[in-house]
Amino acid sequence: MDYLARGAELRADARRPHPGATHAIVVGMHYGGREPSGPVARYARGDDYHEVMRERLRGFVPWLEAELGGPVDARPYVDSGPLLERDLAQRAGLGWFGKNTMLINPKHGSFFFLGALVVNVALPVDAPFMADHCGTCTRCLDACPTQAFTAPRVLDANRCISYLTIEHRGEIAPELAPLIGEWLSR
Ligand code: B12
């Protein structure tokens, strides 16, 4: 994940990647939290979410322009740029950082993608989500097959099945492979 280091400076301020940007509209999109788990992660079962969400965010711009009565310079982000999407989403009031590092919404849980439409128009700003509803619960930490969390809200990506099956090149360490089980073969 060298790409993370490359964008570090731009990520420090969500306005920087898109010159002129002042506000962000942050959205979530469900990806089947109620579907059964299985060898293929729920998020990967449908069409590529980057495309789907970017297209939907683009489709939102004409509506916004009509509402505001003028052109809006808007750029959609779905994993596509140096933007801290979870951080923005927390600041936009969508949820809190769970112990598994996912943004959790009190009504919708954590099985949703995040996307942002960065715009150059002043909009009313929602209050950030300040509560932490995790309490003493550690179910997500305990459930991780490879024990990838070194502490609550700290993920060792080198042990994360998602990292190992998407980003990692080469052989998977022999001590991790059995823990990944059938997910390795898909
Ligand atoms: C790299 C990456 C990964 C890596 C590393 C993930 C990690 N947790 O470090 C890997 C490949 C392992 C991965 C896996 C997954 N990912 Co991912 N990933 C990303 C990506 C592209 C960048 C995240 C990143 O590292 N940014 C750089 C660091 C510095 O930022 P950060 O981790 O967000 O943390 C900053 C802030 O959010 C904040 N912050 C974070 N935690 C906390 C906690 C507290 C208390 C506070 C105050 C602040 C704070 O401070 C940090 C520094 O500024 C984002 C998209 C994006 N552009 O944000 C998706 C993203 C985070 N992933 C997402 C998803 C869905 C997943 C998976 C569920 C996919 C899957 N089923 O396999 C798994 C979940 C694994 C897990 N438990 O985290 C979603 C999360 C949606 C949500 N509801 O939270 C995102 C937002 C993509 C999207 N557009 O929807 N992912």
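I started at V27 and looked up its bridge partner in β5: G115. The model is predicted, and I read it as such.

**Strand pairing**

I then took the two strands as a whole. β1 and β5 run antiparallel, and 8 bridges join them. Next I traced the sheet they belong to. This sheet is open, has 3 strands and follows the order β1-β5-β2. Its pairing is antiparallel. I noted the edges: β1 (23-30) and β2 (74-77) each pair on one side only. From one strand to the next, I get an average twist of 20°.

**Helix on the sheet**

Which helix packs on the sheet? I found α3, residues 49-68, touching β1, β2 and β5. I checked its direction against that of β5, and the angle is about 40°.

**Ligand shell**

I turned to the ligand. I list 29 residues around the ligand. Nearest come E85, F97, L103, F113 and S162. I asked which elements give two or more residues to this shell. They are α4 (85-91), β5 (112-119) and α6 (161-166). β5 supplies the largest share, 4 residues. So far I have β5 in two roles: it pairs with β1 in the sheet, and it contributes to the shell around the ligand.

How do the shell residues divide into nonpolar, polar and charged? I count 18 nonpolar, 5 polar and 6 charged.

Last, I looked at the domains. Domain 1 (2-10 + 20-119) gives at least three residues to the shell, and domain 2 (139-185) also gives at least three.

How values were computed: Residues are numbered from 1 along each chain as its sequence is written. This is a predicted model: local features need pLDDT of at least 70, side-chain atom pairs count only at pLDDT 80 or more; totals for chains, interfaces and linings use all residues. A residue is near a molecule or strand if its C-beta atom, placed from the backbone, lies within 6 Å of it. Ala, Val, Leu, Ile, Met, Phe, Trp, Tyr, Cys and Pro count as nonpolar, Asp, Glu, Lys and Arg as charged, and the others, Gly among them, as polar. Domain bounds come from an automatic or database domain assignment. Two strands pair if DSSP finds at least two bridges between them. Axes are lines fitted to C-alpha atoms, for helices over the stretch in contact, and angles run from 0 to 180 degrees between N-to-C directions. Two residues are in contact if their C-beta atoms, placed from the backbone, lie within 7 Å.
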